[in-house]
Amino acid sequence: MDTKPSKVSSVGKRINEIDKELSKYRGNGEWIAHNDAIERLFTVYKRDEDNSDIISLLKYEKAAALCEKNEIETSMKLITELGKEINVTEKPNWDLANDIQKILFCKCLFLASKLYCIKRTFGKAQKSLAVASRLLSDYNNVELKAQLHLSNAYHQLCLNQSHCTLELANHVIGYTDKAEQICTTLKDQIQETWEKIRRKILLIRSKAVIQFYLDSGDNEEFATVLSSSLEELESQLWHGLSLRQKVGFHMLKSNYFQIHGNVAKALDHAQVALQIAQECKFNKEVLLMNEHIRKLKVFPEDPVNDSESLVKKVLSIQTTTDGNAESNAAEMTDRGIFSTDDSEWESFESLLRQITDDEEESDILYFK
């Protein structure tokens, strides 16, 4: 007897297709195409209540794009609204939610944590991840669990910004190791998903090592980790890197060569990063690359053998789990980029409290 595919599986397949399309636009800085696709899809799907999960995905994509364009407050507003609409903040609702709703809600928590890190409210970022950790403890989704570890790695990277010791760098690498271990099964089952996660792992792991070198000096074990990570990205996983990730990669290579005193190659990679950023209109990265190149050009004026003082002059770059370069958030706040209106942040905190009212504060604030 012939059977028709279920409505849920059909919607799920369509959501995967939409997610892939919009994520690609975002990763390559194709903002007009990204926005046009969202508006077109809204028009197609908004009339039917059965398409509510697709509409939720489109709202998430809007918020994610706003975050990458540094419209932080508006992004948090959309994420808060979406979290309330999905309405899985209470345990019974989480248990009754479908897979798409659970995935989107966890993505909201990951994005909120990133936004909190950018605003440098690290305790609240950690609280968002602790909530995600609790929800995922009995939910079998390998990709989400890997992303949880990578979000924790990004959070730790931001905490390490003032000074990255060996112990702190190992915290970041430890999270990437956990992400690597948990998604091992994907390598033979869903190659494309495994490669996507693998790229994120290698980019953030490389950033942790670079951050340590800039702050604390050399380490033989880390040298091997860094060279193997960059080599794998360039030789095996390059084809799938988004243009934004390629900007991040070339920035890491520029830092790598600068640390080793090869200013010419450091400039070469910085110029490549700048060219991609200009072509894709990654305006924030264009400013960062120009400043980095300016500093590289005056670098030879300093004593070459005084590595500790020289490397501390390297541009302060924070790399996201996507390989995206972000400037120091504290400096950005001082320049007035962030709004002083905390209403949306308080609203999201209220959303989190609905999940965690029955738990001790200490259990939530410290991810284990």
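This report describes a helix pair, its cysteines, a buried loop residue and two backbone outliers in phi.

The structure is a predicted model, in which local features need pLDDT of at least 70 and side-chain atom pairs count only at pLDDT 80 or more, while totals for chains, interfaces and linings use all residues. Residues are numbered from 1 along each chain as its sequence is written, and side-chain values use heavy atoms, with hydrogens and water left out. Helices are DSSP runs (H or I, at least four residues), numbered from the N terminus.

Two packed helices are described by the angle between their axes and the distance between the axes. For helix α6 (residues 99-118) and helix α8 (residues 142-159), the axes come within 10 Å and cross at roughly 5 degrees, so α6 is roughly parallel to α8. Here axes are lines fitted to C-alpha atoms over the stretch in contact, with angles running from 0 to 180 degrees between N-to-C directions, and roughly parallel means an angle under 35 degrees. The contact (heavy atoms within 4.5 Å) involves, among others, I103, F110 and C117 of α6 and L144, L148 and C158 of α8. By class, this contact has nine nonpolar, three polar and one charged residues, where Ala, Val, Leu, Ile, Met, Phe, Trp, Tyr, Cys and Pro count as nonpolar, Asp, Glu, Lys and Arg as charged, and the others, Gly among them, as polar.

Both C117 and C158 belong to this contact, yet the sulfur of C117 is 4.3 Å from that of C158, its closest cysteine sulfur, which is too far for a bond. A search of the whole structure finds zero disulfides (pairs of cysteine sulfur atoms within 2.5 Å). C117 is buried at 2% relative accessibility, and C158 is buried at 4%; buried means under 20% relative accessible area, exposed over 50% and partly exposed in between, with a 1.4 Å probe and protein chains only.

S242 sits in the loop between α12 (220-235) and α13 (243-259) and is buried, with a relative accessible area of 16%. Neighbours within four places in sequence aside, S242 is in contact with G27 and N28. The backbone nitrogen of S242 also lies 3.0 Å from a polar atom of the side chain of Q245, a residue of helix α13 that is buried at 8%.

Two residues other than glycine have positive phi values, as tabulated below.

| Residue | Phi | Loop | Relative accessible area |
|---|---|---|---|
| R120 | near 65 degrees | between α6 and α7 (122-136) | 32%, partly exposed |
| K281 | about 60 degrees | between α14 (263-279) and α15 (283-298) | 59%, exposed |

Note on methods
Helix = DSSP H or I, 4+ residues; strand = E, 2+ residues; numbered from the N terminus. Parallel < 35°, antiparallel > 145°, perpendicular 65-115°, else oblique. Polar contact = N/O pair within 3.5 Å; in protein donor to acceptor, adjacent residues only side chain to side chain.
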